[in-house]
Amino acid sequence: MPSQHAREMGLKAVVVTVLLAAALSYYVYNPMPDAIQEPWKLMAVDAAFRTGINLVREDAFSAFRGCKSPAGVVPGVKVSDITFAGVPVRVYEPPAGGEGHLRRGLLYLHGGGWAFGSGSEELFYYYYLFTAPCRMISDELNTVVVSVEYRLFPEVLFPEPFLDCVAAAKHFLSPEVLDKYAIDPERVAVSGDSAGGNLAAAVAQEVATDDSVPVKFSVQALIYPVLQALDFNTPSYVQNRNMAILPRQVMVQFWLQYLGADISLQPQLIANNHSALQHSVLTPELRSRLDWTSLLSQKFKKSYKPVVAERDSHGLLKKIPGLLDARSSPLLAGPEVLAKCPRAYILTCEFDVLRDDGLMYARRLKDAGVAVTSDYYEDGFHGCLSFTSWPLDFDVGKRVLRNYMTWLQNNL
């Protein structure tokens, strides 16, 4: 028979195992809306993302740098790592095309809260969330895809990522580069997801209003884009404040990091103190550009009420001037800017804090005379387009990716 000591050690092992299992379950468990398919899979993905965000906060994520997916190994597509105007890019070239057979061109800006997602980040994130869509678009749509490896937090802050993307965009749109890759100058798109959607919208505005750029983007395709940081109490922000992948406090953290502000200000922004009525710079005209009570349909407003603070005791707009910059918040651009923008595809998901950003931008573009296709998913969640490959595959992700590619095929 086992000794008393052995029995005690066995019991301790069981207790430790049970406690660890309970702790893991507590960490992973996050209640999901009934419309979400495979909720436990999404919980597991969410737990992995939270771990990654914590690593960034502790500056330990750099341990994964250097695990780069090698160029030139994607079947059917030539992959090259070069620079555009000094900015690192990865170019995906389809086998078809060549002289006399002009191809589409697409500048893609990845998401990741301006902190994740570069091609030099860890292989797992890069392959599953980034390589597969670019490869598919290039291969299936006969498109030269240029993914921009703009610099990230904490290396740089706003406006540097935006400036990187603008520099790469202008280089890509130059007649010499378009000719080199046999790209039709009338069929060039800019696209991006999440923070990349933010950059894509801002780049589209910059190029559209810059008379020194002879070739313009013909379309912009924005996938659950981040478009404003003055109201963190829109219906979608409140409804999805604890939703997987991108809860409200994480999005606010990303904004504070991007704009070079102290993370301790997070509660102030969540309370909308930074957009208090006392701020004379926030004129009625400026506020109207993100007034969800007039820009959203009743289906999305539901019974939510605006959250408007009277006073800002912390002087937040002076501490964080980037909050009012349309280069960081494209939804703040005036109608004269929006009217010059290319026709748009804007994808939004019900279970996403950013849903209303995209819906408001679609409405404002339409009001400015821009043709807009709004693609809304009642069972969608933030990041779902990236989850299309086993084991991180979701049916909604596959539908989102397929419909996005179909729109590009028909409109680019």
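1. How far does helix H15 reach from its first C-alpha to its last, and what span is expected at 1.5 Å a residue? This helix covers residues 355-367, which makes 13 residues, and its end-to-end reach is 19 Å. That is close to the expected 18 Å. Keep in mind as you read on that this is a predicted model.

2. A quick word on the chain as a whole. You'll find 16 helices and eight strands in it. There are 412 residues, and 57% of them count as buried. If you look at contacts with a separation of 6 or more, 75% come from residues 24 or more positions apart. The accessible surface is about 17,300 Å², with 57% of that belonging to carbon and sulfur atoms.

3. Back to H15. Is this helix mostly covered or mostly open? Mostly covered: ten of its 13 residues are buried. At the start of the helix the buried ones run through Arg355, Asp356, Asp357, Gly358, Leu359, Met360, Tyr361 and Ala362, and further along come Arg364 and Leu365. Just past the end of H15, have a look at Gly369, where phi is positive, at about 95°.

4. Now for the annotated residues. The UniProt record, an unreviewed entry, puts the feature "active site" at Ser194, Asp352 and His382. They are spread over 189 residues of sequence, yet they cluster in space, with a largest C-alpha distance of 10.5 Å.

5. Where does Ser194 sit? Look in the loop that links strand E5 (183-193) to helix H6 (195-208). Ser194 counts as buried because its relative accessibility is 7%, and the cut-off for buried is under 20%. Leaving out residues up to four places away in sequence, Ser194 touches Gly111, Ile223, Tyr224, Pro225, Val226, Leu354 and His382. So one of its contacts, His382, is also in the "active site" annotation.

6. Asp352 brings us back to the helix we began with, since its loop lies between strand E7 (343-351) and H15. Is Asp352 buried or exposed? Buried, with a relative accessible area of 1%. With residues up to four places away in sequence set aside, Asp352 touches Tyr224, Ser236, Asn240, Leu246 and His382.

7. One last thing to check on screen: put the two contact lists side by side. Tyr224 and His382 appear among the contacts of Ser194, and Tyr224 and His382 turn up among those of Asp352 as well.

Conventions:
Residues numbered from 1 in each chain as written. Predicted model: local features only at pLDDT ≥ 70, side-chain atom pairs only at ≥ 80, totals over all residues. Heavy atoms only, no water. Helix = DSSP H or I, 4+ residues; strand = E, 2+ residues; numbered from the N terminus. Expected span 1.5 Å × (residues − 1). Buried < 20%, exposed > 50% of the residue type's maximum accessible area, 1.4 Å probe, protein only. UniProt positions renumbered as here; feature names shortened; annotations may be inferred. Contact = heavy atoms within 4.5 Å. Areas by Shrake-Rupley, 256 points an atom, 1.4 Å probe, with all protein chains shown as cover.
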